[in-house]
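Good morning, everyone, and thank you for making time for this. Please have a look at the model on the screen, and then I will take you through a few of its parts slowly.

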Amino acid sequence: MRISVYRYNPETDAEPYMETFDIEVSSETMVRDALLEIKERDPTFTFRHSCGEGVCGSDAININGSNGLGCVTKIAELKEPVEIRPMPGMPIIRDLVVDMTQFFQQYRAVKPYIIRKDPVPEVELKQTPEERDKLDGLYECILCGCCSGSCPSYWWNPDKFRGPAALLQSWRFLADNRDQGTEERLDELDGPYKLFRCHTIMNCMDVCPKGLNPTKAIGHIKQLMLKNMV
Amino acid sequence: MNGRGDGIRNWLIQRISAIYIALFTIYIGYFFLSTELINYQTWYGWVSQTINKILISLFFFTLLMHAWVGIRDVVMDYVHNITIRFILLTAIIGLLAAMAIWLILIVQGVR
Ligand code: SF4
């Protein structure tokens, strides 16, 4: 199968270019396996990967124009020639490796942890099964960045817009009955940028390899803001 | 441009105006479909009714608000230079306000 990969080494290349390889594939070969094979042939080829089973979220790349995890994408099901590029909207360090500093800054900014105003009890904070169910579809995020990297609003304003991944996490804690930071969370997201750059484009839910829906989470945050306003 | 509740307020304006615009489109569509003979007289007669004047004015008001939120969003997404953005937004406000005044004059003129 013909695979063309994005190559760019800022120390030696004036311009990025695409390099083509022919790789033997089976119906079970994942994109990551093909990339490993390419690295075997050309050790200077660089990409991130770790667990190889869609859990760590390291190998988010752009495959034939849409973001996904190399390790869980079967290459035989893709249209030939397969084009592999780094995730769009993030600074490229080398080949397929992008700088995700800003992405994690946005993540940190939503305070992805439980905020307690009451004294923390000696025992664990209990949840009913119903309260726990509210976190399904939220806690599973592996922070791969596929969603934010596919969001035009994030591309245009990565410094000001929190992006789908961070906003999904913001809702994950807003929806948690143990969290007492609702007001400060909503206040923090106020203004035209942090939350409201979302124009419901829905690329995020399209690409999420875990099947999560940041668009829906963002809708929930807006509804909660509305409720708190009136 | 960072007032409290600014984000949710504009978002709300966009939704509410969209609903009104949709309802008004149905209403005016009903007039066109239910009126057998549409000519200047029947059209003028319809517009000159007080209730329709109010609804039409409200339509243009919400349309301009809707346009403002939408255009402002586009400018904020794509124009990052603050000076250029300020000039653009001011020009757009001016243009929309001029249209609003012009529309008031038109609707006023119908007796
Ligand atoms: S929401 Fe999905 S696409 Fe976005 S970072 Fe989490 S797992 Fe990745």
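I will speak about a pair of helices, then about the ligand, and finally about how the chains meet.

Before anything else, please keep in mind that this is a predicted model.

Let us begin in chain B, with helix α3, residues 50–78, and helix α4, residues 82–109, whose axes come within 11 Å and cross at roughly 170 degrees. Angles over 145 degrees count as roughly antiparallel, and therefore α3(B) and α4(B) are roughly antiparallel to each other. Where they meet, α3(B) contributes residues including Phe60(B), Leu64(B), Trp68(B) and Ile71(B), while α4(B) contributes, among them, Leu89(B), Ile92(B), Leu96(B) and Leu103(B). Sorted by class, this contact of α3(B) with α4(B) has 17 nonpolar residues, one polar residue and three charged residues.

Let us turn now to the ligand, and ask which residues are around it. They belong to chain A, and they include Cys141(A), Cys144(A), Cys146(A), Cys147(A) and Cys208(A), together with others such as Ile142(A), Leu168(A) and Lys210(A). By class, the shell around the ligand has ten nonpolar residues, one polar and one charged.

Finally, how do the chains meet? Here 14 residues of chain A are in contact with 17 residues of chain B, and the two chains bury about 1,500 Å² between them, with 55% of that area on carbon and sulfur atoms. The count of salt bridges between chain A and chain B is two, and a salt bridge you can look for on the screen joins the side chains of Asp77(B) and Arg197(A), at 3.0 Å from N to O.

Notes. Residues numbered from 1 in each chain as written. Chains lettered and ligands numbered in written order. Predicted model: local features only at pLDDT ≥ 70, side-chain atom pairs only at ≥ 80, totals over all residues. Heavy atoms only, no water. Axes fitted to C-alpha atoms, helices over the stretch in contact; angles between N-to-C directions. Helix = DSSP H or I, 4+ residues; strand = E, 2+ residues; numbered from the N terminus. Parallel < 35°, antiparallel > 145°, perpendicular 65-115°, else oblique. Contact = heavy atoms within 4.5 Å. Nonpolar A, V, L, I, M, F, W, Y, C, P; charged D, E, K, R; others polar. Near = heavy atom within 4 Å. Buried area = accessible area lost by both parts, 1.4 Å probe. Salt bridge = Lys/Arg side-chain N within 4 Å of Asp/Glu carboxyl O.
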